[in-house]
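Thanks, everyone, for making the time. I would like to use these few minutes to talk about pockets, so please have the structure open while I speak.

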Amino acid sequence: MNPDTAPARKQNKRREKEVVILQAAEKVFAEEGFGGATMQLIADAAQLPKANVHYYFSTKEELYRQVVSNIFDVWLQAAGSFEESDGPAEGIGAYIDAKMEISRTRPAGSKVWASEVMHGAPIIQDYLETTLVEWTNSRIQAIDAWIAAGLMDPISPRHLLYMIWATTQHYADFGHQIQTLNRNTPLSESEWNAAKESVKKIILKGIGVSS
């Protein structure tokens, strides 16, 4: 028997359990906020004993920070198009596509982030001042390079990013409002695709780029 099989199996089982807890926590934090969420509520949502949740995450703050870190990591991956593209049509267009898809598939994570920031980021301010600042500055440099190359209009990169974030995350944070205005039904596949294309066209045209 391979001596690494048992440890590897144990490690995989641990990762699987952590994923279940994090998914449950994301939903509970989105619905209850940090203050209203409890480890018991999270355990119930994960269908696990509370002791199991504490085994993997010793405190609610530790679990919360991991949830926030996870959603931000997903957003970081979405911005990989900046480095992988030759210009703003592909780079910003792909970024908008990815952010819209995240709002569709991970609305709870976006709501957790929005609630935390709207309350002054009492738990993750250090994260905003380091990781978010560094990431934003690197995106600004990429956009500035496209502007210098004459590939897009000379606009404020910072405010362009704010606009993209506000627009794409609106579909998660205000999903209930969108559903209400959509005849009380969730957006269909074709409606999501139409939304993506509309958002891309509006933003890209606004910065002088043909989509």
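I will go through two pockets in turn, beginning with the largest.

Please keep in mind throughout that what you are looking at is a predicted model. The largest pocket has a computed volume of about 390 Å³, and 19 residues line it, of which Trp75, Trp113, Ala114, Gln169 and Asp173 are the closest to its centre. If you ask which helices build this lining, at least two residues each are supplied by H4, spanning 60-78, H6, spanning 88-105, H7, spanning 107-118, H8, spanning 125-148, and H9, spanning 157-173. The largest share comes from H7, which contributes 6 residues to the lining of this largest pocket. As for chemical character, the lining of the largest pocket divides into 14 nonpolar, 2 polar and 3 charged residues.

Let me now turn to the second largest pocket, which holds about 240 Å³ of space. Here 14 residues form the lining, and the ones closest to the centre are Tyr171, Gly175, His176, Gln179 and Trp192. Two or more residues of this lining come from each of H6, H7, H9 and helix H10, the last of these covering 175-181. Which helix gives the most to the lining of the second largest pocket? That is H10, with 4 residues. When the lining of the second largest pocket is sorted by class, one finds 7 nonpolar, 5 polar and 2 charged residues.

That is what I wanted to show, and I am happy to go back to either pocket in the discussion.

Terms used: Residues are numbered from 1 along each chain as its sequence is written. This is a predicted model: local features need pLDDT of at least 70, side-chain atom pairs count only at pLDDT 80 or more; totals for chains, interfaces and linings use all residues. Side-chain values use heavy atoms; hydrogens and water are left out. On a 1 Å grid over the protein atoms alone, a cavity is a set of points where a 1.4 Å probe fits but cannot get out, and a pocket is an open set with protein on both sides within 12 Å along at least five of seven lines; lining residues have an atom within 4 Å of a point. Grid points are joined across faces, edges and corners, and a volume is the space filled by probe spheres set on the points. Ala, Val, Leu, Ile, Met, Phe, Trp, Tyr, Cys and Pro count as nonpolar, Asp, Glu, Lys and Arg as charged, and the others, Gly among them, as polar.
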